[in-house]
Amino acid sequence: MKIQVRITRTDAGANTRVKSDTNEASKDYGSWDEALAEANEIGLIHAVEAAAAKILPPGMPFHTTTETDATVFSMAGFVSGKQQPPQ
């Protein structure tokens, strides 16, 4: 399944949102590095994308797409459904 991925820095750390044609889920993290590390670990991004995302300025979210199975999100603790945008 094709998934849109957006990782955003927030005042509290970071937020990862994933969206497919049929579902949306998100997860909050304590830090930007933690969000990037888990995204790399579960296959949402690869190591080169994680390295590139680390140099983005704080106000700019990282966007990418990937092909993955949606069961990864429930196992990784993502909350299903549309969430409010991070502040």
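Begin with the hairpin of this predicted model: select β1 and β2, which are joined in a hairpin with two residues between them. β1 covers residues 2–10 and β2 covers residues 13–19. The two strands run in the antiparallel sense and are paired over seven bridges. To follow the pairing residue by residue, display T8, which stands opposite N15 in β2. Then display R6, whose bridge partner in β2 is R17.

Keep β2 selected and colour its residues by accessibility. How many of the seven residues of β2 are buried? Six of them are, so the strand is largely enclosed by the rest of the structure.

Next, add β3, residues 24–29. A second hairpin, through four residues, joins β2 to β3. Here too the pairing is antiparallel, over six bridges. A14 is a convenient place to inspect this pair of strands, as A14 stands opposite Y29 in β3.

Return to β1 and bring in β4, residues 62–67. β1 and β4 pair in the antiparallel sense, and six bridges link them. Select R6 once more: its bridge partner in β4 is H63, while its bridge partner in β2 is R17.

While β4 is displayed, centre the view on T65, which belongs to this strand. Is T65 buried or exposed? T65 is partly exposed, because its relative accessible area of 45% lies between the 20% limit for buried residues and the 50% limit for exposed ones. Show its surroundings next: leaving aside residues up to four places away in sequence, T65 touches K2, I3 and Q4. A distance drawn between the C-alpha atoms of T65 and K2 should read 6.9 Å, although 63 residues separate the two in sequence.

Now turn to the helices, starting with α1, residues 32–41. Before entering the helix, select S31, which caps its N-terminal end. A side-chain oxygen of S31 lies 3.0 Å from the backbone nitrogen of E34. Which residues of α1 are buried? They are W32, A35, L36, E38 and A39. Look down the axis of α1: these buried residues fall within an arc of 165°, so they line one face of the helix. To see what covers them, display the neighbouring elements, which include β1, β2, β3, α2 and β4. Just after α1, stop at G43, where the backbone takes a positive phi of about 90°.

Finally, select α2, residues 47–54. Its buried residues are E49, A50 and A53. Rotate the view until it looks down the axis of α2: the buried residues fall within an arc of 100°, so they line one face of this helix. Show β1, α1 and β4 together with α2, since these are the elements against which the buried residues of α2 pack.

To close the tour, keep both helices in view with β1 and β4. β1 and β4 are among the elements covering the buried residues of α1, and the buried residues of α2 also pack against β1 and β4.

Methods
Residues numbered from 1 in each chain as written. Predicted model: local features only at pLDDT ≥ 70, side-chain atom pairs only at ≥ 80, totals over all residues. Heavy atoms only, no water. Buried < 20%, exposed > 50% of the residue type's maximum accessible area, 1.4 Å probe, protein only. Contact = heavy atoms within 4.5 Å. Arc of directions from axis to C-beta. Polar contact = N/O pair within 3.5 Å; in protein donor to acceptor, adjacent residues only side chain to side chain. Pairing = 2+ DSSP bridges.
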